[in-house]
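Work through the exercises below with the model in view. Try each task before you read its solution.

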Amino acid sequence: MYAASEAGQPDRGVEIVTRMSHQMIYLGHPGNALGLLGVAAKRARLPAVKALVASQTGRGGSTPPSATSKVRSSTSAPRTSWSPTA
């Protein structure tokens with residue numbers, strides 16, 4: 001958020017933090033998502049960005065426990081390593 005503000009685009013930083021909150025919801029951490037969105041809401045300036053934060057806040061606050069438990073179980077699966085091809 002600091003770098004975006006320094007570049008003259010503070011709402012870009014807000015958008016990035018809002019997207020980070022989306023990842024927190026996906027990973028089963030709605031409380032962390034709401035914390036990130038609290039910071040984003042204080043910094044949002046443009047109406048479209050305020051709407052993005054508000055819509056994501058509703059999503060983070062309404063995540064049913066069954067959805068987060070399914071996500072947690074799916075994220076514990078073994079991961080394959082990625083390697084670039086030459």
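## Exercise 1: A glutamine in a helix

Task: Find Gln 56. Which helix holds Gln 56, is this residue buried or exposed, and which residues does Gln 56 contact beyond its neighbours within four places in sequence?

Solution.
- Step 1. Gln 56 sits in helix α4, which spans residues 47-61.
- Step 2. Remember that this is a predicted model. Its relative accessibility for Gln 56 is 9%. Buried means under 20%, so Gln 56 counts as buried.
- Step 3. Set aside the neighbours within four places in sequence. Gln 56 is then in contact with Thr 18, Ser 21, His 22, Ile 25 and Leu 37.

## Exercise 2: The overall layout

Task: Describe the protein chain as a whole. How many helices and strands does the protein chain have, and what percentage of its residues count as buried?

Solution.
- Step 1. Count the elements. The protein chain has five helices and zero strands.
- Step 2. Read them from the N terminus on. The order is α-α-α-α-α.
- Step 3. Turn to burial. The protein chain has 86 residues, and 23% of them count as buried.
- Step 4. Look at contacts between residues at least 6 apart in sequence. Of these, 57% join residues at least 24 apart.

## Exercise 3: How much to trust

Task: Check the confidence. What is the average pLDDT of the protein chain, and where does pLDDT stay under 50?

Solution.
- Step 1. The average pLDDT of the protein chain is 77. A score of at least 70 is reached by 67% of the residues.
- Step 2. Over residues 64-83, pLDDT stays under 50. The model gives this stretch nine contacts beyond four places in sequence.
- Step 3. Apply the general rule. Predicted coordinates should not be read in detail where pLDDT is low.

## Exercise 4: Two helices side by side

Task: Compare the directions of α2 and α3. At what angle do they pack, and which residues meet?

Solution.
- Step 1. Locate the pair. Helix α2 covers residues 10-26, and helix α3 covers residues 30-43.
- Step 2. Their packing angle is about 170°, and their axes lie 8 Å apart.
- Step 3. Angles over 145 degrees count as roughly antiparallel. The angle therefore makes α2 roughly antiparallel to α3.
- Step 4. List the partners. From α2 come Asp 11, Val 14, Val 17, Thr 18, Met 20, Ser 21, Met 24 and Ile 25. They meet Pro 30, Asn 32, Ala 33, Leu 36, Leu 37, Ala 40 and Arg 43 of α3.
- Step 5. Sort the residues in this contact of α2 with α3 by class. Ten are nonpolar, three polar and two charged.

## Exercise 5: Two residues of α3

Task: Take Leu 36 and Ala 40. What is the relative accessible area of Leu 36, and what is the relative accessibility of Ala 40?

Solution.
- Step 1. Leu 36 is placed in helix α3, and so is Ala 40.
- Step 2. Leu 36 has a relative accessible area of 23% and is partly exposed. Ala 40 is at 0% relative accessibility and counts as buried.
- Step 3. Leave out residues up to four places away in sequence. Leu 36 touches Val 17, Met 20, Ser 21 and Met 24. With its neighbours within four places set aside, Ala 40 is in contact with Val 14, Val 17, Thr 18 and Val 53.
- Step 4. Add distances to Thr 18. The C-alpha atoms of Leu 36 and Thr 18 are separated by 7.0 Å. For Ala 40 and Thr 18, the C-alpha separation is 6.6 Å.

## Exercise 6: The nonpolar core

Task: Find the largest nonpolar core. Which residues make up this core, and which residues does Val 14 touch beyond four places in sequence?

Solution.
- Step 1. The largest nonpolar core has seven residues: Val 14, Val 17, Leu 37, Ala 40, Ala 44, Val 49 and Val 53.
- Step 2. Helices α2, α3 and α4 each supply at least two residues of this core.
- Step 3. Follow Val 14. Not counting residues up to four places away, Val 14 touches Met 1, Ala 40, Arg 43, Ala 44, Val 49 and Val 53.
- Step 4. Move to Met 1. Met 1 is found in the segment before α1. Met 1 counts as partly exposed, at 26% relative accessibility.
- Step 5. Met 1 and Gly 13 are 4.1 Å apart, C-alpha to C-alpha.

Conventions: Residues are numbered from 1 along each chain as its sequence is written. This is a predicted model: local features need pLDDT of at least 70, side-chain atom pairs count only at pLDDT 80 or more; totals for chains, interfaces and linings use all residues. Side-chain values use heavy atoms; hydrogens and water are left out. pLDDT is the predictor's confidence in each residue, from 0 to 100. Contact means heavy atoms within 4.5 Å. Axes are lines fitted to C-alpha atoms, for helices over the stretch in contact, and angles run from 0 to 180 degrees between N-to-C directions. Helices (H or I, at least four residues) and strands (E, at least two) are DSSP runs, numbered from the N terminus. Angles under 35 degrees count as roughly parallel, over 145 as roughly antiparallel, 65 to 115 as roughly perpendicular and the rest as oblique. Ala, Val, Leu, Ile, Met, Phe, Trp, Tyr, Cys and Pro count as nonpolar, Asp, Glu, Lys and Arg as charged, and the others, Gly among them, as polar. Buried means under 20% relative accessible area, exposed over 50%, partly exposed in between (1.4 Å probe, protein chains only). A nonpolar core is a set of buried Ala, Val, Leu, Ile, Met, Phe, Trp, Tyr and Cys residues joined through side-chain atoms within 4.5 Å.
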